[in-house]
Amino acid sequence: MATGNAAIAVRVEKASAARPLKTFLSRYFYFCMSLVMAALIVSGFSRTVDAGLFHANPPRPLLLWIHGAAFSTWVVLFIAQSALVRVRKVSLHRSLGCFGAGLAALMVVLGVIVTVVMSRFDLTVLRRKNADTFIAVPFADMLIFGTCMALAIYWRKRPEFHRRLVFVATCELMDAGIGRFDFIFNHNLFYAGVDLLIVAGMARDWFVDGRIHKVYLYALPVMILLQGVAVYAWRANPLLYQAMTRMILGL
């Protein structure tokens, strides 16, 4: 009887210890992850942005500056929106959401156009061989980001779907920062970093809610498939893909 009471006491103690962590993750997970993502972007781009943009020789096209400003604004907006939810400024969150929807649409268009423009620039101005083969990666990013954001807007009145779809969409953009580290880029690990961020969201759900939300269960397998296809096309460069890239880039 004493042993049974001791076991119950241990379980109660563990449950009590876990409760503050559950409360914290329930309330602040997305805000904390927005800061983690900002740190990834800053640490990654700090390695390349000076020579590749600020003091680039030859100067990069103006469109690249606009692209960088738009994507930086998205990271700041994601932090702000996560913070507004936590302080219960729902009306302001919704107002900024309208701006965010427009920004997301602009980012998809910019992402595609900048990929084409910079691929041509790399090939014709910088004379980088095989610069055209990488376009599958940013195209896949824009497909995933755009689809997730379209669904997030559609389900904007269902917070449990909306917040996870925005989170997943933003995670997909992180490969741009993660891939700035040479080892990660050379070993095709940037998408693994993206997916680990999403796995963190799944772990949060499991710990807090006792189940993983269906957004993750549907989104992550599709993302991994598209990411794998993009990396294969980039690295293997099959003949059909070569023909497609020449047509897209007008070569």
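This passage walks through the fold, the main pocket and a few individual residues of a predicted protein model.

Start with the overall build. The protein chain is made of helices, eleven of them, and the strand count is zero. Reading along the sequence therefore gives α-α-α-α-α-α-α-α-α-α-α, with helices numbered from the N terminus. The C-alpha trace spans about 80 × 40 × 35 Å along its principal axes. The chain has 251 residues, and 38% of them count as buried. What about contacts between residues at least 6 apart in sequence? Of these, 72% join residues at least 24 apart.

On the outside, the accessible surface of the protein chain adds up to about 14,300 Å², and carbon and sulfur atoms account for 68% of that area. As for charge, there are 26 positive side chains and 12 negative ones. The centres of these two sets lie 8 Å apart.

Next comes the empty space. Rolling a probe the size of a water molecule over the atoms shows where such space is left. The largest pocket holds about 1,600 Å³. It is lined by 41 residues, and the ones closest to the pocket centre are F45, L64, F134, A176 and R180. Several helices share the job of lining this pocket: α1 (2–45), α2 (49–54), α3, α4 (90–124), α5 (136–154), α6 (159–173) and α7 (175–178) each supply at least two residues.

One residue of helix α3 (residues 62–86) deserves a look of its own, namely H67. Is H67 buried or exposed? Its relative accessible area is 18%, so H67 is buried, given that the cut-off for buried is under 20%. Leaving aside residues up to four places away in sequence, H67 touches L110, G111 and V114.

The loops have some backbone details to show as well. Between α2 and α3 there is a loop that contains P58, and the peptide bond leading from N57 to P58 is cis, with omega near 5 degrees. Two asparagines, neither of them glycine of course, have a positive phi: the value is near 60 degrees for N130 and near 50 degrees for N237. N130 sits in the loop between α4 and α5, while N237 belongs to the loop between α10 (214–236) and α11 (239–249). How do they fare for exposure? N130 has 54% relative accessibility and so counts as exposed, because the cut-off for exposed is over 50%. N237, in contrast, counts as buried because its relative accessibility is 19%.

Methods:
Residues numbered from 1 in each chain as written. Predicted model: local features only at pLDDT ≥ 70, side-chain atom pairs only at ≥ 80, totals over all residues. Heavy atoms only, no water. Helix = DSSP H or I, 4+ residues; strand = E, 2+ residues; numbered from the N terminus. Buried < 20%, exposed > 50% of the residue type's maximum accessible area, 1.4 Å probe, protein only. Contact = heavy atoms within 4.5 Å. Areas by Shrake-Rupley, 256 points an atom, 1.4 Å probe, with all protein chains shown as cover. Lys, Arg positive; Asp, Glu negative; His and termini not counted. Charge placed at Lys NZ, Arg CZ, Asp CG, Glu CD. 1 Å grid on protein atoms, 1.4 Å probe; cavity = no way out; pocket = protein on both sides within 12 Å on 5 of 7 lines; lining within 4 Å. Points joined across faces, edges and corners; volume = space filled by probe spheres on them.
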